[in-house]
Amino acid sequence: MYRYDEFDQTLVDERVAQFRDQTQRFLAGQLDEEEFKTLRLRNGLYLQRFAPMLRVSIPYGLLASRQLRMLAHIARRYDKGYGHFTTRQNIQYNWPKLEEVPDILADLASVEMHAIQTSGNCIRNITSDHLAGVARDELVDPRPYCELTRQWATFHPEFNWLPRKFKIAFSSSTRDRAATQVHDIGVHIVRNDAGELGYSIYVGGGLGRMPMIGHKIREFLPELDLISYLEAVLRIYNRLGRRDNIHRARVKVLVKATGPEQFARMVEAEWNALKDSNLRLQPQDIEDIKSRFELPQYDEAAAGEPGYAKQLAVDSRFASWARRNLAPHRVSGYSIVFVSLKANGIAPGDITAEQMDAVADLADRYSAGEIRATHDQNLVLADVADRDVYAVWQRLSELGLATPNIGLLTDLICCPGLDFCSLANASSISVAQEIFDRFDDLDYQHDIGEIKMKMSGCMNGCGHHTVGHIGILGVDKKGEEWYQITLGGSAEDDASLGDRTGPSVSRADIAGAVQKIVEVYLEQRSDAEESFLATYRRVGMPPFKARLYDSAETPAEALA
């Protein structure tokens, strides 16, 4: 866990004082709405349908137990008793009072947290693999590189008013779990043929109303050149990115307009003027950042203890959960535990204050005092000794956090939709609930296997629908809620955008449409091991489209 130094703490404390003064002046009528808007957005504060929404940053998804307890305190003291984990490793509160937001920020600062740059046209929260540091397929721990980037990006004077928001994600594993190719910049930590550490750089990915997969613009960038190269990319974007149309202002539009090859040439030219400047990292810079991470001390005696295997053999419910909600740890004798925030009856990603406190207690007792937030809106206890896994499962079961559905149909991503968001066109949480009810039989879900379903309530795509194996997008048609469906998307190494099935589906028919898609998959897959994505890529759209639209004449409203 990275620990603040005196500069980090001073920075967030001073920001709290500044925002407290700005809020007081706004409430006193000394700042108008437009003046205050630019200030609140720099502190993660949006105005939603019913109340302000505060988005809190969780850099690269890593939380200490004391930080999770503070998030629980904020939910209890300032909100309605719960928080909502997002797809970019943040947490959102949907009911804070404006006059109390400075107090919330002060409480966050007391545990080395903040909401700085979680909104606005600046560099947003730096994200990474939620299994960083514990994954078996990892080259090196990417979090020190994320932290270096976070420090460079925070309050960067040149990039505080970009054409549009800017998102950077890191991966260091053979499997991309951080959706790097749908970020403005995706950084893959790699080794070249000479064994040197460095990065492959992707630029121009993104979701929203113009979804695009990023382009690799540099095959190998030496380790010490990370910041200078990022600076070069941002300079080109800041200089040439469109500011006349908010919907065409992201860097992906610039990369498409110039072509990735020309964009890469412009970046290289800019970088050649920068690479020998003080932006070039020194080996000691990286070592200093690494030294500020407190790493778990593993028990060598944990390997080979028989208790875990015995419990798997005698408790079928535990075994079912372990098959879906555990991942192998790089250290023998330890497991990675996924805490499912996708129980029936609960909005995906939501967690109560009491559950947060209890997960923090579990982290302290069993997982080195740390918790991770995932891109799929779940939590992870990353360092649980195998001998303790059964006790962790028992407690998670008591808390309603042990649904054995990680990677299955009901482990779906879902934005807040019309329930909270002022941009939304359609509901998403209630649709997620209908899908959950329809597929509540876990044995059936396990037979179906892995499917990544993602749902957004509008074209902004916060629910990542365009890269879902099954994607659902809510649209408004003459005041009614309709839903477009896409198939075949992926945010992993084989990143791809989903294909639209055809006319949209009514609110009443969307859950049934998902069931039809699943039925076609089960009929078409070559065997139980062929995934939904593999089946779709093999057979294509026709059988799915035929089943979706053959039962009734397509309503005229759907074609509008």
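Colleague: Helices (H or I, at least four residues) and strands (E, at least two) are DSSP runs, numbered from the N terminus. Over residues 412-548, what percentage of the chain is strand?

Modeller: This is a predicted model: local features need pLDDT of at least 70, side-chain atom pairs count only at pLDDT 80 or more, and totals for chains, interfaces and linings use all residues. Residues are numbered from 1 along each chain as its sequence is written, and side-chain values use heavy atoms, leaving out hydrogens and water. Over residues 412-548 the end C-alpha atoms lie 21 Å apart, with the chain 34% helix and, for strand, 19%.

Colleague: For which "domain" does UniProt list residues 119-272 and 412-548?

Modeller: UniProt positions are given in the numbering used here, feature names are shortened, and annotations may be inferred rather than shown by experiment. Over residues 119-272 the chain is 31% helix and 18% strand, with its end C-alpha atoms 31 Å apart. The UniProt entry is unreviewed, and for both ranges it lists the domain "Nitrite/sulphite reductase 4Fe-4S".

Colleague: Over which residues is the pLDDT below 50?

Modeller: pLDDT is the predictor's confidence in each residue, from 0 to 100. The protein chain averages 94, and 98% of the residues score at least 70. One stretch has 13 contacts (heavy atoms within 4.5 Å) beyond near neighbours in sequence, yet its pLDDT is below 50: residues 552-560. Where pLDDT is low, the predicted coordinates should not be read in detail, and that stretch is 552-560.

Colleague: In the open sheet 6-7-8-9-10, which strands stand at the edges?

Modeller: Strands pair if DSSP finds at least two bridges between them. Five strands form this sheet, with mixed pairing. Two of them have a single partner strand each, so one side of each is left without a neighbour in the sheet: strand 6 (127-128) and strand 10 (215-222).

Colleague: Strand 8 and strand 9 pair over how many bridges?

Modeller: Strand 8 covers residues 185-191 and strand 9 covers residues 197-203. Arg 191 stands opposite Leu 197 in strand 9. The two strands pair in the antiparallel sense, and the bridges number seven.

Colleague: What angle does helix 6 make with strand 10?

Modeller: Axes are lines fitted to C-alpha atoms, for helices over the stretch in contact, and angles run from 0 to 180 degrees between N-to-C directions. Helix 5 (residues 143-153) packs on the sheet against strands 6, 7 (168-171), 8 and 9, at about 165 degrees to strand 7. Helix 6 (residues 226-240) also packs on this sheet, touching strands 7, 8, 9 and 10, and its direction makes with that of strand 10 an angle of about 150 degrees.

Colleague: In the antiparallel sheet 1-2-5-4-13, how many degrees does the twist average from one strand to the next?

Modeller: This second open sheet holds five strands. Its edge strands are strand 1 (45-47) and strand 13 (350-352), each pairing on one side only. From one strand to the next, the twist averages 30 degrees.

Colleague: Which helix lies across strand 4, strand 5 and strand 13?

Modeller: Strand 4 spans 82-85 and strand 5 spans 90-93. The helix that crosses them covers residues 353-366 and runs at about 80 degrees to strand 13. The name is helix 12.

Colleague: Arg 66 and Glu 112 meet in a salt bridge. How many residues apart in sequence are the parts that the pair ties together?

Modeller: A salt bridge is a side-chain nitrogen of Lys or Arg within 4 Å of a carboxyl oxygen of Asp or Glu. In this pair the N to O distance is 3.3 Å. Arg 66 lies in helix 3 (residues 65-78) and Glu 112 in the loop between helix 4 (101-109) and strand 6, so the parts tied together are apart in sequence by 46 residues.

Colleague: Is Glu 112 buried or exposed?

Modeller: Buried means under 20% relative accessible area, exposed over 50%, partly exposed in between (1.4 Å probe, protein chains only). Arg 66 is partly exposed at 30%. Glu 112 has a relative accessible area of 12%, so the label is buried.

Colleague: What is the phi of Gln 117?

Modeller: Most residues other than glycine have a negative phi. Glu 112 has a positive one, about 65 degrees. Gln 117 is found in the loop between helix 4 and strand 6 and is buried at 6%. Its phi is also positive, near 60 degrees.

Colleague: The side chains of Asp 494 and Arg 537 meet in a salt bridge at what N to O distance?

Modeller: Asp 494 is partly exposed at 34%. Arg 537 is partly exposed at 42%. The N to O distance is 2.6 Å.
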